[in-house]
Amino acid sequence: MQTIGVPSDDLALPEVDAVVVSLKSRSIEAELAVSRSRAAETWLRGRGAAHVLFKICSTFDSTDKGNIGPVMDALRADSGDRIVLVTPAFPETGRTVYQGNLFVGSVPLNESPLKDHPLNPMHDANLVRVLARQSRTKVGLVELSVVTRGPEAVRARLAALSADGFGAAIIDAVFDLDLETIGIVALDHRVSVGASGIGLGLARALAAAGGTNACSATSDAAVGGPAACLAGSCSQATLGQIASAEKVMPVLHLDPERTVAGPDEARRALAWARDRLKDGPVLIASSTTPDQVAALQARHGRDAAGHAIEQAMADIAEGLVQAGVRRLVVAGGETSGAVVDRLKIPGFLVGDEIAAGVPVLRAVGAEAGDMLLALKSGNFGGREFFSDALSLMR
């Protein structure tokens, strides 16, 4: 199950093997990210969690002020762990770590299109350096040559690093088998840090030990009704997915300047959508190219422009639900967070996988009633992602 923020005591939790507490803490002040993460960790421990993964983006996007390092430091101190394993590797999506450097496909992160995150640009692929700049502890490396020798070799390397005063270690991973080794070792500890890939390793290690049912938690009951898609990410992957969607559904591209200026652009989008929902799914996109994003930020300020667009997309999502939409696909991490907050959805049951790292989600406790959503990071999914998602959201 996935919850939005630390749940209130009146949220009924079904019997599940794992709970994800979503915090939307990637780009907020480090001090606030730490306090929210510690509150979530305390809540999870109080309900029996033996291991807590601080889930980060597979592009490790952050700044020299955080928020990965400060949160890791706080969770490590609270857990009592001497050293924390860290890896954003997710080979199925092309994110691998070798000699401590993050690769996207065959190129280092800082040479890939993913370097141009609108909030946290990433211009250094060496994760040991990146994490060291934002953490109070020494950061070491567990090389691939160690990982391929299995769990005992990794344990020995971590023990040596810990004895030398290192409190964190970037760990290489190129194949899923590497993640399985990492998952086995991570369960020796109370805290780990990583992207969805390390979740794969943890889940397989738990399943092998007989500690999980390894099945979907969602109901198969159909929701029906109108469906819509929203795209707020400016990644090349999402821009390609929008272009593909234009072949099979109506697509409206928002005007960035009008979106930042006030609510009229969101109202125009809703009027456009209401006229078309009866005929099938529609897609509304605020996504644009990195150059256009940079120009918009230069005119209005990075934070102000981002917040205005997020709120416009949240306004549109709210209006779509009021118009009867109960199946909603959202592309972009910040956009997804804004939409879920606006719709006041306290949690989700995790269902079938649409693409690597992107499942169908069934809302729990939503004011609008039964809903299916798909929320994806901008860089995830294949070119036909929107069609693929809708085909699984009945």
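Is Q99 buried, exposed or partly exposed? With a relative accessible area of 36%, Q99 is partly exposed, because that class covers the values between under 20% (buried) and over 50% (exposed). Please keep in mind that this is a predicted model.

**Unusual backbone spots**

Q99 belongs to the loop between β5 and β6 (101-104). Its phi is positive, about 55 degrees, although Q99 is not a glycine. F60 is another residue to look at: it is not a glycine, yet it has a positive phi of about 60 degrees. You will find F60 in the loop between β3 and α2, and its relative accessible area of 0% makes it buried. The loop between β3 (52-55) and α2 also holds N67. A cis peptide bond, with omega about 15 degrees, joins G66 and N67. One more positive phi, of about 55 degrees, belongs to K344, just after α13.

**A buried glycine in α2**

Next comes G69, in helix α2 (residues 68-79). What does G69 touch, leaving aside its neighbours within four places in sequence? The contacts are L131, Q134 and S135. G69 and R136 are 67 residues apart in sequence, while their C-alpha atoms are 7.6 Å apart in space. G69 is buried, with a relative accessible area of 0%.

**Aromatic rings**

Now for the rings. A pair of aromatic rings is described by the distance of the centres and the angle of the planes. How many aromatic pairs does a search of the whole structure find? The search finds two, and here they are:

| Pair | Distance of centres | Angle of planes | Type |
|---|---|---|---|
| F90 and F380 | 5.9 Å | 70 degrees | edge-to-face |
| F385 and F386 | 5.8 Å | 70 degrees | edge-to-face |

Why is the pair of F90 and F380 called edge-to-face? Its planes stand at 70 degrees, and planes over 60 degrees apart count as edge-to-face. This pair links distant parts of the chain, as F90 and F380 are 290 residues apart. F90 sits in the loop between β4 (84-87) and β5 (95-98), and F380 in the loop between β17 (372-376) and α14 (385-392). F90 is buried, with a relative accessible area of 5%, and F380 is buried at 7%. Both F385 and F386 are buried as well.

Some rings have a lysine over them. The charged end of K376 sits over the ring of F385, 5.5 Å from its centre. K138 lies over the face of F166, at 4.3 Å from the ring centre.

**Helix α13 and a pocket**

Helix α13 is mostly covered, with eight of its 11 residues buried. Among these buried residues are E334, G337, V340 and L343. What covers the buried residues of α13? The cover includes β1 (2-4), β11 (227-231), α12, β14 (327-331), β15 (347-355) and β17.

Helix α13 also takes part in the second largest pocket, which has about 350 Å³ of space. Of the 17 residues that line this pocket, K24, S27, I28, E310 and E334 are the closest to its centre. The elements that give two or more residues to the lining are α12 (302-322) and α13 (333-343). Which element gives the most to the lining of this pocket? That is α12, with six residues. By character, the lining residues of the second largest pocket divide into eight charged, six polar and three nonpolar.

Notes. Residues are numbered from 1 along each chain as its sequence is written. This is a predicted model: local features need pLDDT of at least 70, side-chain atom pairs count only at pLDDT 80 or more; totals for chains, interfaces and linings use all residues. Side-chain values use heavy atoms; hydrogens and water are left out. On a 1 Å grid over the protein atoms alone, a cavity is a set of points where a 1.4 Å probe fits but cannot get out, and a pocket is an open set with protein on both sides within 12 Å along at least five of seven lines; lining residues have an atom within 4 Å of a point. Grid points are joined across faces, edges and corners, and a volume is the space filled by probe spheres set on the points. Helices (H or I, at least four residues) and strands (E, at least two) are DSSP runs, numbered from the N terminus. Ala, Val, Leu, Ile, Met, Phe, Trp, Tyr, Cys and Pro count as nonpolar, Asp, Glu, Lys and Arg as charged, and the others, Gly among them, as polar. Buried means under 20% relative accessible area, exposed over 50%, partly exposed in between (1.4 Å probe, protein chains only). Contact means heavy atoms within 4.5 Å. Rings of Phe, Tyr and Trp (its six-membered ring) pair if their centres lie within 6.5 Å; planes under 30 degrees apart count as stacked, over 60 as edge-to-face and the rest as tilted. A charge sits over a ring if NZ of Lys or CZ of Arg is within 6 Å of the ring centre and within 35 degrees of the ring normal.
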